[in-house]
Amino acid sequence: MNVQQQHPIDINSGSLLDIIEGFIQSTDTVNEIEDPISPVEKLPTNLLIPSTLALSRSSIGGGISIVPSTLTSGSISSNEFHDKWPIPDSIDQVKSLCESERLEGSARSQLALCLHLMESAWKVDPENSMVLSPVSVKPQPHHILSNLLPNHIQHAPNTLGEAMVMEARQMLKQLANSSQNPGQSGDAEAQFLLGSCYGMGALGWPINHYRAFQWYNQASKQNHAEATYRTAVCYELGIGTERDGDRAITYYKKASHLLHAPSMYKLGVILMRGYCGYPVSKREAVIWLQRACSTSMAPLAPGEDNTTIAGTEGVALPHALHALAMVQLTKECEETSMIPDSIYAIKLLHNAARLGYAPSQSKLGECYECGHFCPEDESQSIYWYTLAAKQGYPEACLALSGWYLTGSLKTNTLMQSDDEAYLWARKAASEAKSVHRFRSLTAKAYYILGMYHEKGIGVPKSIENSIKWYKKAANHGHVEALKLTQSQSSVIV
């Protein structure tokens, strides 16, 4: 296996949730699979699911949209308290609702009111400055004194939306710090939500990774699965705490035992490749990947009677489906108790592809193009490549360039087009160059662009431009490009 160096992540670049997303994508730069069909095939870790994006940017005013169903990891139904409260039409009504709920409501209903106020704040005041966009907040330094200073200057609310946010903040902190049950710490869901706010820089709080980690860890002590997962991420990256691979593994395992599918998948990847200084254990890795698949919800492949596989909380996890398919297709699972089954693997790829997972769509395009593990089918190949390419997946973009170069020869699925061939090759080069694990693909795309310029395919013929692209490919290690640039006289006739 050809191991590449993992790129460090700048923890001062933005919000904790953005960092988590970047981390999940980057951890697979060293996670290559020896694939007899495609030597550069990767076992994916770009785990982009709603639970890791509890606070997402809103199209309204470029701020942050509060989505109760994802913000609370599903433990509070978005419809359970939907009709209990109206959208307040005055500041006095906001205060009245909160006072009444503090006196008569449960912790669950109070947290639901917090979410209701957050959501209502955007409806009545989308320009509310207390809900800050991550790009407008400077990350706070990891210094102990910064955590002793006041978070936000308290003042009387100037607008209805601001009043809602301020009351939600106050109630949220009360719930996180205290419990209605004697001997029990604060509400775990409130602690998780508070950590998410600090991690994103929401509700007027500046981004503070240290506090986000503290609240995630606190919620984890009460077996909050998503908070446990984020605590593990913080330990693995060293965000808001010291980097500690052993503790990261411990928390991933804890979250996995709490039936958190992303943690099962992440644990499977770690054990498969020996991340975090942990010894490789492929047998255990496959077990966790299987559990991640069976805990996730996904549509079945064509021809199946049912529409879903086993699931909890409706979490769709195509990454685990793809990973399990790849260890089957590469026969890496032979070292475990699992017997390679290409038919089952193709079904897993279909499940993930139908969930919109670009690597699975691209892999299916390759399989149908070459007739690997399934009958050769031009239409299916072009269909799946197109879906992945539209998402900007570099391998699919380059493959689609090849299809346009020749057109579909056996069917009328795709007409030949030099212009489209060139544009998709440019798209592949553009998308691949920003991702380190696609370095070899970037070199291939540059080389193909050099050929297109040399032959005048989709672009005016230009020897000068072709040489530039060949040199770029050579700089990225493309063997043929190296030979061409070393002996240009034999290349350009």
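Let me start with one residue. Setting aside neighbours within four places in sequence, Gln361 is in contact with Ala353, Gly356, Trp384, Tyr385, Leu387, Ala388 and Gln391. Gln361 is placed in helix 14, and with a relative accessible area of 3% it is buried. I should say now that this is a predicted model.

Now the chain as a whole. There are 21 helices and 2 strands. Of the 493 residues in the chain, 53% are buried. If we take contacts between residues at least 6 apart in sequence, 61% join residues at least 24 apart. The exposed area of the chain is about 22,000 Å², and carbon and sulfur atoms supply 51% of it.

Two of the contacts of Gln361, Ala353 and Gly356, take us to helix 13. That helix covers residues 342-354. How does its span agree with what 13 residues should give at 1.5 Å a residue? The expected span is 18 Å, and the end C-alpha atoms are 18 Å apart, so the two agree. At the N-terminal end, Asp341 acts as the cap: a side-chain oxygen lies 3.1 Å from the backbone nitrogen of Ile343. After the helix comes Gly356, with a positive phi near 90 degrees.

Which residues of helix 13 are buried? They are Ala345, Ile346, Leu348, Leu349, His350, Asn351, Ala352 and Ala353. The cover over the buried residues of helix 13 includes helix 12 (318-329), helix 14 (358-370) and helix 15 (378-390).

Next, helix 11, residues 282-295. It has 14 residues and reaches 20 Å from its first C-alpha to its last, close to the 20 Å expected at 1.5 Å a residue. Its buried residues are Lys282, Ala285, Val286, Trp288, Leu289, Ala292, Cys293 and Thr295. A reminder on reading such a list: an α-helix has 3.6 residues a turn, so residues three or four places apart point the same way. What do the buried residues of helix 11 pack against? The answer is helix 9 (245-257), helix 10 (261-273) and helix 12. Trp288, one of the buried residues here, also has a charge over its ring: the charged end of Arg291 sits 4.7 Å from the ring centre. There is another case at Tyr446, where the charged end of Lys472 sits over the ring, 5.6 Å from its centre.

On to the aromatic pairs. The structure holds 9 of them. Tyr198 and Trp205 make a tilted pair, 5.1 Å centre to centre with 35 degrees between the planes. Both Tyr198 and Trp205 are buried. Tyr393 and Phe438 pair edge-to-face, at 5.6 Å centre to centre and 85 degrees between the planes. Why does the pair of Tyr393 and Phe438 tie together parts that are 45 residues apart in sequence? Tyr393 lies in the loop between helix 15 and helix 16 (394-406), whereas Phe438 lies in the loop between helix 17 (418-432) and helix 18 (439-455). Tyr393 has 9% relative accessibility and counts as buried; Phe438 is buried too, with a relative accessible area of 5%. Elsewhere, Phe213, Tyr235 and Tyr251 form one aromatic cluster.

Now the loops, and some backbone angles. Most residues other than glycine have a negative phi. Cys276 has a positive phi, near 60 degrees. Its place is the loop between helix 10 and helix 11, and it is partly exposed, with a relative accessible area of 23%. Lys331, also not a glycine, has a positive phi of about 60 degrees. Lys331 is found in the loop between helix 12 and helix 13.

One more loop residue to finish. Gly458 is in the loop between helix 18 and helix 19 (463-475). Is Gly458 buried or partly exposed? Gly458 has a relative accessible area of 25%, and since buried means under 20%, Gly458 counts as partly exposed. Gly458 and Asp418 are 40 residues apart in sequence, yet 4.5 Å apart in space, C-alpha to C-alpha. Not counting residues up to four places away in sequence, Gly458 touches Asp418, Asp419 and Tyr422.

How values were computed:
Residues numbered from 1 in each chain as written. Predicted model: local features only at pLDDT ≥ 70, side-chain atom pairs only at ≥ 80, totals over all residues. Heavy atoms only, no water. Helix = DSSP H or I, 4+ residues; strand = E, 2+ residues; numbered from the N terminus. Expected span 1.5 Å × (residues − 1). Buried < 20%, exposed > 50% of the residue type's maximum accessible area, 1.4 Å probe, protein only. Contact = heavy atoms within 4.5 Å. Polar contact = N/O pair within 3.5 Å; in protein donor to acceptor, adjacent residues only side chain to side chain. Phe/Tyr/Trp six-rings, centres within 6.5 Å; stacked < 30°, edge-to-face > 60°. Lys NZ or Arg CZ within 6 Å of the ring centre and 35° of its normal. Areas by Shrake-Rupley, 256 points an atom, 1.4 Å probe, with all protein chains shown as cover.
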